[in-house]
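Here are my notes on the chain you sent over, going from the whole fold down to single residues. Have the viewer open while you read.

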Amino acid sequence: MLMINILEQRKKQIYKKGEKHFDMKCETTSLAGSVSQRACVFCGSRVVLYPIADALHLVHGPIGCAVYTWDIRGALSSGPELHRNSFSTDLNEIDVIYGGEKKLLSTLIELIERYQPKAAFVYATCIAGLIGDDVSSICKKVAGLTRIPVIPVQSEGFKGTKKDGYAAACHALFSLIGTSGNEQKVPFSINILGDFNLAGETWIIKEYYARIGINVVATMTGDGRIDDIRGANRAELNVVQCSGSMTTLAKLMQEKFQIPFIKVSYFGIEDMSEALYSVVRHFDNREIMEKTTKLVSSEIERIMPTIADYRRKLSGKNAAVYVGGAFKAFSLIKSLRHLGMNVVVAGSQTGNNDDYTLLKDLSDEGTIIVDDTNPLELSKFIQEKKVDILIGGVKERPIAYKLGLGFCDHNHERKIALAGYEGMLNFAKEVYSTIMSPVWQFRVSREGTEDI
């Protein structure tokens with residue numbers, strides 16, 4: 001078993017259900033030296049805004065920052081694909097000494113003339129912040145010259161955590177909303193916030209809403225369009241899927257445009273169904289409720305025989321879940337229970353106290369719950385709990401493979417849709433094929449791996 005000592009300052013961010021009084025410490029900056037799995041502020045803002053497909057995304061910083069987040073989400077577009085490019089001002093030593101504002105100005109004008117975007121987002125990185133470039137001033141100047149919105153995203157990486165990047169992105173989006181010139185409300189309408197159209201998931205969800213008679217005004221930001229976002233104030237309800245990234249925007253819209261919001265999850269059978277019912281309950285319309293009941297019943301009836309088959313083969317297997325937002329962890333625990341599996345380790349990068357309280361209530365006795373963990377801790381817990389599959393993101397993948405166990409990507413990079421009822425089938429298939437892969441016969445036995 002991997003032998004490590006948990007850092008003293010980290011002990012309040014780790015909880016084993018049933019072992020002691022629950023008092024989880026969270027929403028803090030990462031402990032220096034602990035090598036957190038979190039990303040930086042800039043990354044947080046980029047992953048939120050990136051799926052807006054008809055906007056120019058310019059990273060004002062070293063080329064490494066642009067490469068780090070290039071195509072970071074598998075966000076598909078039904079039309080333009082300008083977002084698939086990664087533009088950078090490529091700041092270097094000379095720019096650090098003399099400043100990068102002239103370079104930013106000329107780069108923006110050249111790119112806007114060449115690509116004719118609907119808007120431009122300019123991401124400030126650590127270097128831009130350290131040398132004191134006035135990104136907002138340059139954006140304002142270019143907006144006046146080109147007549148399109150040029151929006152600064154104040155996402156200098158050193159300013160906080162990935163969650164601060166989400167907030168920077170929300171403020172950037174908020175500056176666009178309500179600028180279409182049309183304030184007329186759309187009946188029975190919603191905005192979808194915090195779904196990023198990974199592998200086309202936004203399209204699956206929009207189809208459900210279309211079938212029950214709910215109109216979608218804007219998607220923020222999966223398969224996003226600038227004109228739709230500018231008119232997002234016309235919707236009657238905001239539906240927040242990724243609460244960690246988009247709750248800030250929902251609150252801003254509630255305050256300015258009086259649009260209420262609800263939090264939902266589109267992953268798993270119960271949460272997908274509850275997401276639809278939550279929206280319908282808001283509108284309190286009998287016809288829409290009947291359509292929703294019919295849709296939910298038919299979809300569950302369609303997928304359950306296959307789910308039951310996977311359950312027979314996967315019952316008793318152990319899973320570890322470590323994801324960005326805690327809401328996703330809730331859905332994963334419920335989904336894995338449908339497959340007869342035990343979640344023995346669960347955690348998130350950005351959960352708050354309410355999230356962890358709910359996570360504790362959902363978890364079985366003995367489950368290890370972690371906030372902002374690091375590779376060594378995660379490896380230790382996985383070995384202790386004899387995990388068969390780790391479900392996480394790109395940074396967790398090497399940990400799983402080095403430990404000789406299956407991995408399921410439930411983050412930005414995946415190419416298979418996991419949302420909705422169809423997504424539950426895909427998830428079950430992936431978990432099954434990963435755990436049952438014949439490749440694991442060649443791994444060193446766990447009993448023989450005393451250290452990694």
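Helices here are DSSP runs of H or I with at least four residues, strands are runs of E with at least two, and both are numbered from the N terminus. By that scheme Asp-227 falls in helix α9. Keep in mind throughout that this is a predicted model.

1. **Overall build.** The chain carries 17 helices and 14 strands. Its radius of gyration is 23 Å, close to the 22 Å that the globule rule gives for 452 residues, so the chain is as compact as a globular protein of that length. If you want a frame for the figure, the C-alpha atoms fill a box of roughly 65 × 60 × 40 Å along the principal axes.

2. **Inside and outside.** Of the 452 residues, 56% are buried. The accessible surface comes to about 19,100 Å², and carbon and sulfur atoms hold 52% of that. As for the wiring, take the contacts with a separation of 6 or more: 75% of them are between residues 24 or more positions apart.

3. **Charge.** I get 54 positive and 53 negative side chains in the chain. The centres of the two sets lie 1 Å apart.

4. **Ala-319.** Look for this one in strand β10, which covers residues 318–323. Is Ala-319 buried or exposed? Buried, because its relative accessibility is 0%, where the cut-off for buried is under 20%. Setting aside neighbours within four places in sequence, Ala-319 is in contact with Leu-336, Val-387 and Ile-389, and also with Met-341, Asn-342, Val-343, Val-344 and Val-345. For a distance to check on screen, try Val-431: Ala-319 and Val-431 are 112 residues apart in sequence, and their C-alpha atoms are 9.7 Å apart in space.

5. **Asn-238.** This residue belongs to strand β8, residues 237–240. Asn-238 counts as buried because its relative accessibility is 0%. Which side chain does Asn-238 join through a polar contact? The partner is the side chain of Asn-191, at 2.8 Å. Beyond residues up to four places away in sequence, Asn-238 touches Asn-191 and Leu-193, then Ala-250 and Met-253, and finally Ile-259, Pro-260, Phe-261 and Ile-262. I'd show the Asn-238 and Asn-191 side chains as sticks in any figure of this region.

6. **A cis peptide.** Please look at the bond from Met-220 to Thr-221: the peptide is cis, with omega near 15 degrees. Thr-221 sits in the loop between β7 (215–220) and α9 (226–230).

7. **Two aspartates with positive phi.** Asp-90 has phi near 50 degrees, a positive value in a residue other than glycine. Asp-90 lies in the loop between β3 (87–88) and α3 (93–98), and at 36% relative accessibility it counts as partly exposed. Asp-284 also has a positive phi, near 50 degrees, and again the residue is not glycine. The loop that holds Asp-284 runs between α11 (269–283) and α12 (286–314). What is the relative accessible area of Asp-284? The value is 68%, so Asp-284 is exposed.

8. **Glu-299 and Glu-422.** Glu-299 is in helix α12, and at 9% relative accessibility it counts as buried. Its contacts, not counting residues up to four places away in sequence, are Tyr-208, Arg-211 and Tyr-421. Glu-422 is in helix α17, residues 420–435, and is partly exposed, with a relative accessible area of 33%. On the same terms, Glu-422 touches Tyr-208 and Arg-302. So which residue turns up in the contacts of Glu-299 and of Glu-422? Tyr-208 is listed for each of them. For a pair at the other end of the ruler, Glu-422 and Lys-17 are 405 residues apart in sequence and 33 Å apart in space, C-alpha to C-alpha.

9. **Back to Asp-227.** This helix α9 residue counts as partly exposed because its relative accessibility is 43%. Asp-227 and Lys-118 are 109 residues apart along the chain, with their C-alpha atoms separated by 7.9 Å.

Definitions and conventions:
Residues numbered from 1 in each chain as written. Predicted model: local features only at pLDDT ≥ 70, side-chain atom pairs only at ≥ 80, totals over all residues. Heavy atoms only, no water. Buried < 20%, exposed > 50% of the residue type's maximum accessible area, 1.4 Å probe, protein only. Contact = heavy atoms within 4.5 Å. Rg over C-alpha atoms; globule rule 2.2 N^0.38 Å. Areas by Shrake-Rupley, 256 points an atom, 1.4 Å probe, with all protein chains shown as cover. Lys, Arg positive; Asp, Glu negative; His and termini not counted. Charge placed at Lys NZ, Arg CZ, Asp CG, Glu CD. Polar contact = N/O pair within 3.5 Å; in protein donor to acceptor, adjacent residues only side chain to side chain.
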